[in-house]
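Trainee: I should like to go through this structure with you, beginning with its overall make-up and proceeding to individual helices.

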Amino acid sequence: MKIFKNKSFFLKSIFLHIFLSIIAIGISWNLFEPSAYNFMMKNFITNKSGDPNIALIVIDDKSIEYQRWPWPRENYGKIFEYLNNYTKAKLIGYDAILVTLDKENPNSDKYFFDTIAKISNLVVGFSPQQHAYENEADKKYDEIFKNKFATNIKLTFTPFDYGRYQSISKFPMPYFNAVKMAGSVNISQNHDGYLTYMDQLVSVNGTYYPSLGLKMYLALNNTNDLTVYSDKIVVDKTGLTINTISTTKGIQSLLKYYKLADSSYSHNKYSAIDIIKSLELIKQGKKPIVDPAEFNGKIVFVGANAKAAALALEDAVPTPMQQKHPGVDIQATNLDNILNNEFIKQTGFLFDLTILITITLMTFILISKFSYFVSLCLIILLAGIYTLFSFICYKNGLAVNIITPIIIQLLTTIFGYSYRFLQEGKNKEKIKQAMGKYLSQDIMKNVVQNIDDIKLGGKRANVTVLFADIRGFTSMSEKMTAEEVSVILNEYFTEIEPIITKYNGVINKFIGDAVMAIFGEPIQDINHPQNAVKCAYEMLKTVDRLQDKWLFEGKPKIEIGIGINTGEAFVGNIGSEKRLEYTVIGDTVNLASRIESYNKVYRTNFLISSSTYSYVSSIADVIKISEVQIRGKAKKMDIYEVLRLSQND
């Protein structure tokens, strides 16, 4: 099938397909791909537990049951005292944002601030804010925060600063003075509410700050230098590369989650109250609940996530792993990804476009080269192969679009089959038109309408048969070339064909210079005798007009003779099972042909049988020619010469 034959129609279809594909891609990326990513992350990427060298100390429901919320800051101080004085923790991350003083318990605050001031390997969290600073004093805080905590970041490109964050959560000055390193604990959920990206760098008033996890990695490697490219972050000292994308929320990377080890946590988790009790027991010289040696050489995150307390203490968001994933475990997961270089790489625009174009073209080719059933099976197989390819990519840490290519393939399949159906319809119509030049259009329509019931046989019907023959055609042919004869015949047939069609007649065949036409079948017409006579009369008038034209052109004068008979005949398909012809046969047909031949005998142009005359006597002026001996008939019969029509339409 030449599917690209009609260029205009093809191009219009392609443009419409591209337009709808763009819409489908936009919808799919926003509605379906996030869910597909979550499914693949949970079932195909998450293949191991979190790093055992990362531990979590969490203010959980157990802690709140022991001591009601809100906690005095001295409890936090005890956790950090335990870690700093009795463990050999490699690094501590504090997933919390402290913005106020406890005015009711100043001694509690002092103990907390004094404790963390002694810790050199502590990185605390801060939060960028979307609202601007309220006054000039607050604006100065932005500068002093930058001077103390900013990272040396070299930009190799000029990212568009979306201006999303315009301020920083303000630390109380005793806390500000006590801490030595800070990283952003900001996490941004997708439009569907799930957290799949980590904000590795956030821009606040033009200054970029690293995430808590990235800042902790820099602290572990005693460096503060980063180089940022359009698609990655590189730690200069270690060569660590983090694949990133730039969004309105900052410079983000895809998180790779780990299996959940302890209910909601993918890293080893300890209850904060057990740590506090252990500190008290150690000071009493007793065996602690949690041996400090368990944290030796480990990275420890401290955070809160208690469902039983006030809602502000439940720090959990939806992730591909669970609906309520603790924020402290998410921060630990980010550092785990960085430490073990386990990043999910997201495909770029060119890769995605190449996949879409490839699948689209392959689908079009399958539709154009194979039958409907075979092409559909191959299209389904292609979709299956791509799905398997997607699984393999995810297994190897490459996040590809899964749903979008399948949707585009489905859209392409619909368009391809629709285009093919329309194109085949056009081709069939062309075939019908072409065959209509060999068969009557009405016979062609009858065949098409009964395409599933074509067989030998037919019916008997009352019809009117018209024969028209050119006078002296043989002698004319001897004096002219074949090309000259064909020109006259073609012009003659071209003129009379629409006349026959006009009166509901059907040209059954051309017999050399003669024409045989049927009225009454297959076009149902109760006035077929009258219409046949009117048709013949108009044919004669047309030939008179052509004679003047041919005489002017120096061509020979031709005349025609017409014979018409009405009666019962067999109408239908004759021949063999492989070769059929729709025609009319019987004595009625033979008689019409013989009546036409009597035009030569009586030097007339238009003769009809008595059976036809019985139908048209009211509209035709005739001369009766009596007792004519018709070959093949035992008895003589009357025929009539039609002179004119009294009521010609």
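Mentor: The protein has 19 helices and 28 strands, where helices (H or I, at least four residues) and strands (E, at least two) are DSSP runs numbered from the N terminus. This is a predicted model, in which local features need pLDDT of at least 70, side-chain atom pairs count only at pLDDT 80 or more, and totals for chains, interfaces and linings use all residues. Residues are numbered from 1 along each chain as its sequence is written, and side-chain values use heavy atoms, with hydrogens and water left out.

Trainee: What percentage of the residues in the protein is buried?

Mentor: Buried means under 20% relative accessible area, exposed over 50%, and partly exposed in between (1.4 Å probe, protein chains only). Of the 649 residues in the protein, the buried ones make up 50%.

Trainee: How is the packing of helix α4 and helix α9 described, and which class of angle results?

Mentor: Two packed helices are described by the angle between their axes and the distance between the axes. Helix α4 (residues 73-86) and helix α9 (residues 272-283) have axes 9 Å apart, at an angle of about 60°, the axes being lines fitted to C-alpha atoms over the stretch in contact and angles running from 0 to 180 degrees between N-to-C directions. Angles under 35 degrees count as roughly parallel, over 145 as roughly antiparallel, 65 to 115 as roughly perpendicular and the rest as oblique. Therefore α4 is, relative to α9, oblique.

Trainee: Which residues of α4 meet α9?

Mentor: Contact means heavy atoms within 4.5 Å. On the α9 side, the residues met include Ile275, Ile276 and Leu279. The α4 residues are Asn75, Lys78, Ile79, Glu81, Tyr82 and Tyr86.

Trainee: What span should helix α18 have, and how far apart are its end C-alpha atoms?

Mentor: The expected span of a helix is 1.5 Å times one less than its number of residues. Helix α18 (residues 587-602) has 16 residues and should therefore span 22 Å, and its end C-alpha atoms agree, being apart by 22 Å.

Trainee: Which residue follows α18, and what is its phi?

Mentor: Arg603 follows α18. The phi of Arg603 is positive, near 50°.

Trainee: Where is Asn30 found, and how far is its C-alpha atom from that of Asp192?

Mentor: Asn30 is found in helix α1 (residues 7-31). Asn30 counts as partly exposed because its relative accessibility is 43%. Asn30 and Asp192 are 162 residues apart along the chain, and their C-alpha atoms are separated by 8.3 Å.
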